[in-house]
Every structure is written in structure tokens, then in C-alpha cells.
Amino acid sequence: MNLAIRDNFLKEFIISPTVISQSPDLIKRQQRIAAQGLSYLKAPTVRDEGWRFTDLAPIYDTDFTSPTRETVDHRVIKQFFLPEAKNRLVFINGVYSNEFSDISGSQLGIFVGNLDQYPDKVAKIVEMRFAAGDDCQNLFFPALNTKMVNDLALVVVDSNTKVEKPIHLLHISTGKRNFSNYRVLVALGKGSSASIFEDFVSVNADQNLTNAVVEIAVEESANLNHLKIQREDPSCFNIAYTNVQQERNSQYSYCSISTGSHVDRQDIVVSQIGMDAECRLDGLTFLSGNQTGGFHSKIIHDFGGGTSKQLHKTVVAGKARSDFNGQIHVRPEGHLSNASQSNQNLLLSNKGRINTKPQLEIFADDVKCSHGATVGQLNDEEIFYLQSRGIAFDDARKILIYGFAAEIISLIGIESVATLIREQVLQQTGNKHFL
Amino acid sequence: MSARGILSLIEIKGLNAKIDDKAILNDFELRVAPGEIHAIMGPNGSGKSTLAKVIAGHPAYPVSSGIINFQGVDLLSKSPEERARAGIFMGFQYPVEIPGVTNSSFLRLALNTARSSKGEEELDPIEFEDYLQDKLKMLDIDPDFLARSVNEGFSGGEKKRNEILQMAVLNPRLSILDETDSGLDIDALRLVAGGIKKLSNKDNGIILITHYQRLLNYIKPDFVHVMYKGSIIKTGGVDLALELEDRGYDWIVSD
Ligand SMILES: Nc1ncnc2c1ncn2[C@@H]1O[C@H](COP(=O)(O)OP(=O)(O)OP(=O)(O)O)[C@@H](O)[C@H]1O
Ligand SMILES: [Mg+2]
């Protein structure tokens, strides 16, 4: 890695002072703090802890520009709309699209929108929650995002309000070598519930970099279902940081599916900051060609009685590289925490690489913690069984790959998205007869 | 081709298969004519399952010499899927679990692959459901099984019933059923045996690999063979099975 290239990376963005002065007052203060952080932060390389197996060199070798206003064909965008969703926020290269967003489903107790217009109570929440964690000053990409954004995708649900229909957060990457920063803030009040669907897609995109930050607060006894699909163009880069604060008795379920982009790096931190919080992290990553995929999670059981259950599956074909790191941290106060983690990898070629690392840091003694990681290949007996029923060797392999992924696909709570992913996986594995 | 050859469904001659230099099939010979049911018995490790897998084309059991002629076609030059499409069906002694793949989509894919290879139209899910109804009833299989992953979490007996369901769906010309009766309770044995019997007709052949004469109470084989050290050492009728039940294998083996 040529460090000079890395150091020059996005320099104009990092030092540019103009960005903040143009952004809404509500977020300026945090942006200045992030900008200070950035003056000493360096973009991570394979020499940095946590990035050893996610090589960002292809990103540093690309000369990005600030996104220009792009227009995207109506019809193309509409095909991404979700039939089940009631509210939809559309951002194109990190910029809010009034034209394609639909917030008409906002009802009493729910705010879905951006920083163009918002009620006072939402302003308070943004002031309290935007870039509240240290990571937005201490980590390069989240800090850069914090400094660069001038809008937010906002979902705020009042106490005891149940949002029945999923809220669609659609991010469209388009154009050539655009560097976009995209920010989401979700806050669920006490006893409320909602479901959000983050969807990262590309339209005529070439070598774009999307740097996303999602901040989520799930207050006492609230329940959030969070589904994310990253299906960007294989020439693109997607870096995402998600931070979840879970209060007492809350539930948070995350399901992340990545099939796209040349480099896909996701970091998620879930902090249980109250007792008896429950969380689920499920994931599926499909990597082929020369894709690089990194999924790093950190679950912090801060108080007693918290549970977490994690299942992450990865399929690696071609010369792809996968890097899973699952940290579980139980503080001394985390009595009776119950954490389980499983990372299952399917390696389809001898040129692919898989790194998997569970990282358990347990500082309380009365906890249950289990973890397991497997790297396997397709099973010959299973292939033969299918062949013996007349199914061709290639199809048998595809069916087994599908079968490996199916467990995660079945966890997708939104039917049209489940169908979409099922179809996409089958298309990738190429069997039209199946299902 | 000899006159006998034309009449036979499958003809196996001088078949030898080795694993790691250990001979498992030893100049094995067998001929099955259309409409016949053959039982193969024999002590553990005598090569019965290996024979079934070699016929089905398992890649782990390379054939060093011999021929398998199936309806005039050289079977050994065909891939496992080509053999299946030609009408060979093997019921596994240990059916394999396929996580994440539902039994119904698996069965339908298998049937549609066979149909399209014969130039017949594929069945859509609704037509397939109809097609399955009486087969499920015949084997008393709960339709809930169709939504579950192939064999995953099935009990031993359920797996065996599922094998016969696949046989019923595919309607093969030659079925080699490897210990399909093992692990079945008394009622399930009656059902499965009844199913196999119904599926038997004048055009197809069935090879039953079994350890127990009990199955043969329900399905009367035309021949009972004893396999030992990779070849058939004795052939008889149903009486032979009864005698084996009584006396074990020692008297034949030590001859
Ligand atoms: N994959 C293999 N690798 C090594 N040895 C094998 C393999 N498969 C079979 N064998 C050996 O070949 C011999 C025949 O095995 P096979 O399973 O065909 O016997 P079988 O007659 O079906 O026995 P059983 O009645 O117990 O089912 C045994 O000695 C077995 O250990
Ligand atoms: Mg056997």
C-alpha cells in the first residue's frame, strides 16, 4: 500500500471548510467536532487493526469527486419501490429527493422526512442523537460522513406508537466516481415499534463510493426490525457504519444482505444500555469475482439480562475475500447475559479467501456465551444425492448454494424483498427451474 | 447382443470396483428382466450398498472393469444424472439431508427435469400438487413434509418413506432400494412395502437390498441372492430367504 496515495485520498473533502458552513445549524456543532477529529485521523489500511483483511486499496486508487446533481429516470427508480412500504425516503448520491420520496403515510406519532422541514420535537432528537457516540469523531469514515453530510434521513416514532408498514430508505448511487455521504437517524420512543428497510442500489453507476452512517436509538420496550440490502453495481464501493443504542427491555433485529459492490465493508455496534434488551444480528454476504467483503460487529452487553443472537453466512466464489469479525463484550455489570454467535462460510473456489474471527470479551461470570465459525465446501454426498434424482451437477451445486443462503432469506420479514433476494440468488446461481 | 440381453432390463457382467486397492465388487454378475423383483441379502460389508452406488454412478466408487448394460445402453459411460433420467433410481440406505431446500421444490425439480429430458411439458406448482396427492396418500405422508427441507430433521423412518415418495414421483424403470425397510416400524413397513408393490409393474424392475425376510412377506421377489465379498454366491427363491432367517449366513459362506 502506497501511503502517499492513502494520505491524499479524499484530501480535498477532508480539509474543505466550506461543507459545514452550508449545512443546517442543527448539526453544525457535531460536524465541527468531527472535523477536528479528521485533522489527525488517517484512512485505515491493512496495517490497521480491524482492517487487516479488508483491503481498501481499490478505493484509495480511485479519484473521486463530489457528486453533481444527477437525474435518474422515473421508471428506473420506480422499479425499486416497495409495495408493502407506506413511507419512503429516497436519497440520490446522498442528496434527498423530494420528487421520489413519499411521506404521505406519516401519521400521528410518526415523523419520516429530512432536514428541510421538521417539528421541534424532532429537532430535539437530532440535537441529542446526531453523532452522539465517540465513533463519529474517532473513526475515519464515520467522522468523514459526519463532517460531510448536510441532510439526514429521519425516522422518529413517538412513544407507544406502532408503525405497521415498513419504512423504505432507498439510496441510489449513480454517475461516475461520485463520493457520497449518506446519513440515517432512527429514533423509536418508549414502547413503540417499527420496521425499516435500507436499500442500496445503483443506476448507471461506475466506481462510486457510498459512505453511510446509520444511528439508531431504541428506547425502553421499543421494537425495531431493521433490514438492509446492499446490491450496488460491482464497480462501486460501499462503506457503512451502524450504531444502535438499545434501552431496557427493547428489541432490535437486524438482517443484512450484501450482494453488490467491489468493496463492501460494514461495521455495526449494538450497545445494550439497559437491562433485558434483546438483539438479533443476521447476515448474508455473497462474494464472487474480485469482491472484498468485511462484516465487523460489536455487541456490548452493558447491563444484566441482555441477549444477543447472531448468525452470519458468507458465500465466497472466484477470487473474493471475506472478513468476518464478531465481537461480543460483556461488562462486569452484564450479569446473566446470553450471547450466541455463529459465522458460517461456504467456500466455492480455491482462490477465494475467508477470514473469520470471533472475539469474546467477557468480564462477568454468570453469563452464557457461545460462538462457532465454520468454513465448508459443497458436500459431495449432497451433490450426488441430487444428481441421482436427475438434477445436473451444475444445478445441484446451485441448489445447494441456495439452500445454504435460504436460512437467512427466510428471516427477511418483508415478503417482496424476500422474493427479490430469492430470485437474485437463484439468478446468480442461475437456476430458473427452481422454486 | 444375445437374445437374453434384449430381454433384460439391466445386465451386469464381470463388474469390479475398488476403493484404496481394496476390492469391493468382485466379478459381480446380475441380470434383471422387466417385471422382475430381485432381493439381495448378505452380511454387513459384503458390498451391497457399493453395488447400488456403482449402478447409480457415485464418483467415489470407480469401476476397474466390467459392463453394465441398461436397456441396451452402456451405463458406465453416463453421469449419475443421465442414469437417473434414463430410469435408474436408487433408494439410499442413508438418505442425505439438504438444508434450505424444500422437499416440494426438490421433488418438482426432479420430476420436471425428467419430464423435459423426455420432451414432456413441465408441471407448474399447482399441477404438481395434484400429481402428488395420491402418492402422498399411498405412503401416508403428511403434506406438511413438503414444506420442510429435504430430509432435514426427518426421523429414520420418515426419510425412508420420503425415498419411496421420490420413487413414486419419478416412476423409474429400475429401482435399487438399499435397506429401505430398515428402521421402519411395523405399520410403516406395511405402507412402504405396499407402495413398492403398487409401483412394480411388468415393465420395470426392482432390486431390494435387505437384511430381513419380513419385507419379503409383503413383496414376493422372483429371486433371492446372497452377496458375499463382492459377488453373488447363491441364488434361490423366497425359501432361501426363509432359510437364511433361520440359519444365518455361515453355512453358505463356509461352503
Ligand atoms: N468410501 C469408502 N471408503 C472405504 N471403504 C469403503 C467405502 N465404502 C465402502 N467401503 C467398504 O466396502 C465394503 C462394502 O461396503 P458396503 O457399504 O457396500 O457394504 P454393505 O453390504 O452395504 O453393508 P451393510 O449391510 O452393512 O449395509 C465395506 O468393507 C466398507 O467398509
Ligand atoms: Mg449397505
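**Notebook: strands of chain A, ligand sites and a sheet of chain B**

I began with strand E8 of chain A, which ten bridges join to strand E10 (residues 237–246) of chain A, the two running parallel. I note at the outset that the model is predicted.

*Entry 1: strand E8 of chain A.* For a single pair between E8(A) and E10(A), I looked up A:Thr210 and found A:Asn238 as its bridge partner in E10(A). I then turned to strand E6 (residues 179–188) of chain A, which pairs with E8(A) in the parallel sense, again over ten bridges. Here A:Val186 stands opposite A:Ile216 of E8(A). I recalled that strands of a sheet pair through backbone hydrogen bonds, in either the parallel or the antiparallel sense.

Next I checked the burial of E8(A), taking under 20% relative accessible area as buried. Ten of the ten residues of E8(A), residues 209–218, are buried, so the strand is largely enclosed by the rest of the structure. I listed the two faces separately. One side carries A:Leu209, A:Asn211, A:Val213, A:Glu215 and A:Ala217, and the other carries A:Thr210, A:Ala212, A:Val214, A:Ile216 and A:Val218; all are buried, and both faces are thus covered.

*Entry 2: the magnesium ion.* Which protein atoms are donors of the magnesium ion (ligand 2)? I found B:Ser49 (OG) and B:Gln93 (OE1), lying 2.0 to 2.2 Å from the ion. B:Ser49 belongs to helix H2 (residues 48–56) of chain B, whereas B:Gln93 sits in the loop between strand E6 (88–91) and strand E7 (98–102) of chain B, so the pair ties together parts that are 44 residues apart in sequence. I recorded both B:Ser49 and B:Gln93 as buried.

*Entry 3: ligand 1.* I counted 14 residues around ligand 1, the closest being B:Lys22, B:Lys48, B:Ser49, B:Thr50 and B:His211. I then looked up polar atoms facing oxygen atoms of the ligand. A polar backbone atom of B:Gly45 is 2.9 Å from an oxygen atom of ligand 1, and a polar backbone atom of B:Ser46 is 3.2 Å from an oxygen atom of ligand 1. For B:Lys48 a polar side-chain atom is involved, at 2.8 Å from an oxygen atom of ligand 1. On its own, ligand 1 has 640 Å² of accessible area, of which the protein covers 66%.

Two elements of chain B, strand E2 (22–32) and H2, give two or more residues to the shell around ligand 1. H2(B) gives the most, with three residues. By class, I recorded three nonpolar, eight polar and three charged residues in this shell.

*Entry 4: a sheet in chain B.* I traced an open sheet of four strands in chain B, in the order E2-E1-E4-E5, with antiparallel pairing. E2 and strand E5 (73–74) of chain B stand at the edges with a single partner strand each, so one side of each is left without a neighbour in the sheet. Two bridges join strand E4 (residues 63–70) of chain B to E5(B), and these strands run antiparallel. Within this pair, B:Phe70 stands opposite B:Val73 of E5(B).

*Entry 5: positive phi values.* Most residues other than glycine have a negative phi. I looked up two residues that depart from this. B:Gln71, in the loop between E4 and E5 of chain B, has a positive phi of about 50° although it is not a glycine. At 36% relative accessibility, B:Gln71 counts as partly exposed. In chain A, the phi of A:Arg177 is near 50°, and this residue is placed in the loop between strand E5 (167–176) and E6 of chain A. I recorded A:Arg177 as partly exposed, with a relative accessible area of 30%.

Technical notes
Residues numbered from 1 in each chain as written. Chains lettered and ligands numbered in written order. Predicted model: local features only at pLDDT ≥ 70, side-chain atom pairs only at ≥ 80, totals over all residues. Heavy atoms only, no water. Donors = N, O, S within 2.8 Å, 3.2 Å for Na, K, Ca; no water. Buried < 20%, exposed > 50% of the residue type's maximum accessible area, 1.4 Å probe, protein only. Near = heavy atom within 4 Å. Polar contact = N/O pair within 3.5 Å; in protein donor to acceptor, adjacent residues only side chain to side chain. Areas by Shrake-Rupley, 256 points an atom, 1.4 Å probe, with all protein chains shown as cover. Nonpolar A, V, L, I, M, F, W, Y, C, P; charged D, E, K, R; others polar. Pairing = 2+ DSSP bridges.
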